[in-house]
Amino acid sequence: FMTPIELLSTFVIRPLTLTIRLLANMVSGHLLLVLCFLGTHYLYLSMSGGMGIALGSLTLTAGVVFTLFEAFVAALQAYIFALLAAAYISLSIEH
């Protein structure tokens with residue numbers, strides 16, 4: 001009874017959870033970037049005067065900061081993904 005559960009866990013569920021974790025982190029970063037840069041575009045074009053330029057510049061700066069943060073998160077996620085994949089593979093191979 002335990003053999004099919006272990007096979008399913010090792011070869012289907014673990015890679016699937018790694019994939020979902022990596023995809024969720026990538027999508028959330030991109031959504032933040034889209035939100036910041038669309039906010040910049042909207043504020044620059046729709047609001048006239050200094051208030052639109054000030055708020056647009058703030059969202060532009062936030063977009064650049066999120067871009068740098070997303071690059072850091074991407075490197076960290078690649079490291080975690082490789083580390084967990086290596087750990088899962090080593091656990092699935094008998095010595």
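What follows is a chat about the fold, surface and empty spaces of a predicted model.

Reader: Before I dig in, what sort of model is this, and how are residues numbered?
Author: It's a predicted model, where local features need pLDDT of at least 70, side-chain atom pairs count only at pLDDT 80 or more, and totals for chains, interfaces and linings use all residues. Residues are numbered from 1 along each chain as its sequence is written, and side-chain values use heavy atoms, with hydrogens and water left out.

Reader: Cool. How many helices and strands in the protein chain?
Author: Two helices and zero strands. Those are DSSP runs numbered from the N terminus: helices are H or I with at least four residues, strands are E with at least two. Helix α1 covers residues 2–46, and helix α2 covers residues 50–92.

Reader: What's the radius of gyration of the chain, against a compact globule of 95 residues?
Author: The chain has 21 Å, while a compact globule of 95 residues would be near 12 Å. The radius is taken over C-alpha atoms, and the globule rule is 2.2 Å times the number of residues to the power 0.38. Along the principal axes, the C-alpha atoms fill a box of roughly 70 × 25 × 10 Å.

Reader: And how much of the chain counts as buried?
Author: 14% of the 95 residues. Buried means under 20% relative accessible area, exposed means over 50%, and partly exposed is in between, with a 1.4 Å probe and protein chains only.

Reader: What about the exposed area, and which atoms supply it?
Author: The chain exposes about 7100 Å², with carbon and sulfur atoms supplying 80% of that. The areas come from the Shrake-Rupley method with a 1.4 Å probe, and for residues only the protein chains shown count as cover.

Reader: What share of contacts links residues 24 or more positions apart?
Author: 63% of the contacts with a separation of 6 or more. A contact means heavy atoms within 4.5 Å.

Reader: Let's do single residues. Thr10: buried or exposed?
Author: Thr10 counts as buried because its relative accessibility is 16%. Thr10 sits in helix α1 and touches Pro15 and Ser92, leaving out residues up to four places away in sequence.

Reader: And Leu60, what does that one contact?
Author: Phe37, Thr40 and Tyr44, setting aside neighbours within four places in sequence. Leu60 belongs to helix α2 and is partly exposed, as its relative accessible area is 35%. From Leu60 to Tyr42, 18 residues apart in sequence, the C-alpha distance is 11 Å.

Reader: I'd like a couple more C-alpha distances. How far apart are Val34 and Gly63?
Author: 8.3 Å in space, with their positions 29 residues apart in sequence. Val34 lies in helix α1 and is partly exposed at 44% relative accessibility.

Reader: Then Val64 and Gln77?
Author: Those C-alphas are 20 Å apart, and the two residues are 13 apart in sequence. Val64 is in helix α2 and is partly exposed, with a relative accessible area of 44%.

Reader: New topic: pockets. What's the volume of the largest pocket?
Author: About 210 Å³. On a 1 Å grid over the protein atoms alone, a pocket is an open set with protein on both sides within 12 Å along at least five of seven lines, whereas a cavity is a set of points where a 1.4 Å probe fits but cannot get out; lining residues have an atom within 4 Å of a point. Grid points are joined across faces, edges and corners, and the volume is the space filled by probe spheres set on the points.

Reader: Which residues lie nearest the centre of that pocket?
Author: Asn25, Met26, Gly29, Glu70 and Val73, out of 14 lining residues. The elements giving two or more residues to that lining are α1 and α2.

Reader: How does the pocket lining divide by class?
Author: Eight nonpolar, five polar and one charged. Ala, Val, Leu, Ile, Met, Phe, Trp, Tyr, Cys and Pro count as nonpolar, Asp, Glu, Lys and Arg as charged, and the others, Gly among them, as polar.

Reader: Tell me about Asn25. How exposed is it?
Author: Asn25 is partly exposed, at 28% relative accessible area, and is placed in helix α1.

Reader: Last one: how many cavities of 30 Å³ or more?
Author: One in the whole structure. The largest cavity is about 30 Å³ and is lined by Leu18, Arg21, Leu22, Gln77, Ile80, Phe81 and Leu84.

Reader: Which helix gives the largest share of that lining?
Author: α2, with four residues. By class, the cavity lining has five nonpolar, one polar and one charged.
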